Amino acid sequence: DGRPAGHPPRGDPVILSVARDTLDLDSTLRWLTLALAASLAAMLGAVLLLIPRIVSRALRPLGEMSERASRLHAANLGERFPTSGVPAELLPISERLNESLDRIEEAFTRERRFAANAAHELRTPLAAIRANAEVGLKWPFPQQTHTSLTDIATASIRMQQLVERLLELARANRATPAAAVESIALAPLVRQCVDEVACGLAAPVDDVQLTLADDVVIRSHSQLLGSLLSNLIANAFVHRPAGALIRIGLGASTPITLTIANLAPNLEADDLSRMMEPLWTRSTDRAAGRAGLGLAIASEYAALLGCALRPQLTAAGELVIHVIFAESAAPSGAASNT
């Protein structure tokens, strides 16, 4: 066929086979597999040993915070959580906890002052009752007995009035607006409260100057609102100097604000932050009506009604209580003077 000798015929396949011993390759693969398995086992063991330590170290500040919180009680409320050297993730928690502790400590301080003031208020009439009873027993003469019984009755009335005011404060604390909200014309309600308070205290109503916008109407609860206004007006009557004018104003601007002002020459600016506390008073006269509960009761009613009480002391020594109503409707109109 014209091809050189020794060449396979054209068209026949040529097969080339190469063979090699695989023992060395299999051995190498086995060693690699064993080495990889050993490395993975070592890494897994290291991870299992390190993770608990890492987690424990990371959670140590949280554990310290938990331990500090478990040690808190009424006797060490002055302690605070650290805010330096703590992880950034825990810093907001420490700050919020410290703010809560500030509020709790302030509440405890107010409660301690309240307990001390209540004990002081009750101790004086109790001592008077005991002293007069002992005098009456020791000298049982008609005139002396009559005097002792009169003094005992006076001290008992004072205690009764104090207890009644404390009960009113407790009722205001847990009161709920059971009655339906209604539209209330403020000016007539203020006049009614002034008349009732002046009559109850046997005080001249002419000592009150009223400047009221007659068409101011708010949505509120008439009974609770009347209690709020009566306590504020009574406080102005009781704590003003004898014969001093009380000014009550009501405008139609928004937000609707009622102002009750009376002279308070003994009051200082630092007293404004404490004057809403129960049984707090700067007056040295601890007679009936000066127990320091009027503003505390009014503050509870205001919180219940959604109002805000803002005390202000003017340069002329006048205490002005601003009653700011949150939900109200105020048609514009002229004010009336009484």
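Is R130 buried or exposed? In this predicted model, R130 counts as exposed, at 60% relative accessibility, because a residue is called exposed when its relative accessible area is over 50%. The side chain of R130 takes part in a salt bridge with E134, in which the closest N and O atoms are 3.0 Å apart. The partner, E134, counts as partly exposed, at 43% relative accessibility. Both residues belong to helix α2, which comprises residues 91–138, and because they are four residues apart they are separated by about one helical turn. Side chains of opposite charge can pair when their charged atoms come close.

The wider setting of this pair is a chain of 338 residues, of which 30% count as buried. The secondary structure of the chain comes to six helices and nine strands. Among the contacts between residues at least 6 apart in sequence, 69% join residues that are at least 24 apart. The chain exposes about 21,100 Å², and 60% of this area is supplied by carbon and sulfur atoms.

The structure holds nine salt bridges, and the pair in α2 may be set beside a second one, formed by R240 and D207, whose side chains meet at 3.0 Å, N to O. This pair links distant parts of the chain, since R240 lies in the loop between α5 (222–239) and β4 (246–250), while D207 lies in the loop between α4 (186–200) and β2 (208–213), 33 residues apart. R240 is buried, with a relative accessible area of 10%, and D207 is likewise buried, with a relative accessible area of 16%; the cut-off that applies to both is a relative accessible area under 20%. A further salt bridge joins E95 and R96, with the closest N and O atoms 3.7 Å apart. Here E95 is partly exposed, with a relative accessible area of 31%, and R96 also counts as partly exposed, at 42% relative accessibility. In addition, R80, D102 and E105 are linked in a network of salt bridges.

Helix α4, which precedes the loop that holds D207, was examined along its length and around its axis. At 1.5 Å a residue, the 15 residues of α4 should span 21 Å, and this agrees with the model, in which the end C-alpha atoms of the helix are 21 Å apart. The buried residues of α4 are L186, A187, L189, V190, C193, V194, V197 and A198. Because these residues cover an arc of only 160° around the axis, they are placed on the same side of α4. On the other side of the helix, C199 and G200 are exposed. The cover over the buried residues of α4 includes the strands β1 (182–185), β2, β3 (217–220), β4 and β5 (257–263), together with helix α5. Just after α4, A202 takes a positive phi of about 55°.

Nonpolar side chains also appear at the surface of the model, where L25, L29 and L32 make a nonpolar patch of about 300 Å². Within this group, L32 is found in helix α1, which comprises residues 23–70, and L32 is exposed, with a relative accessible area of 55%.

Notes:
Residues numbered from 1 in each chain as written. Predicted model: local features only at pLDDT ≥ 70, side-chain atom pairs only at ≥ 80, totals over all residues. Heavy atoms only, no water. Patch = residues over 30% accessible without salt bridge, like charges linked within 9 Å, V, L, I, M, F, W, Y side chains within 5 Å. Areas by Shrake-Rupley, 256 points an atom, 1.4 Å probe, with all protein chains shown as cover. Salt bridge = Lys/Arg side-chain N within 4 Å of Asp/Glu carboxyl O. Helix = DSSP H or I, 4+ residues; strand = E, 2+ residues; numbered from the N terminus. Buried < 20%, exposed > 50% of the residue type's maximum accessible area, 1.4 Å probe, protein only. Contact = heavy atoms within 4.5 Å. Expected span 1.5 Å × (residues − 1). Arc of directions from axis to C-beta.
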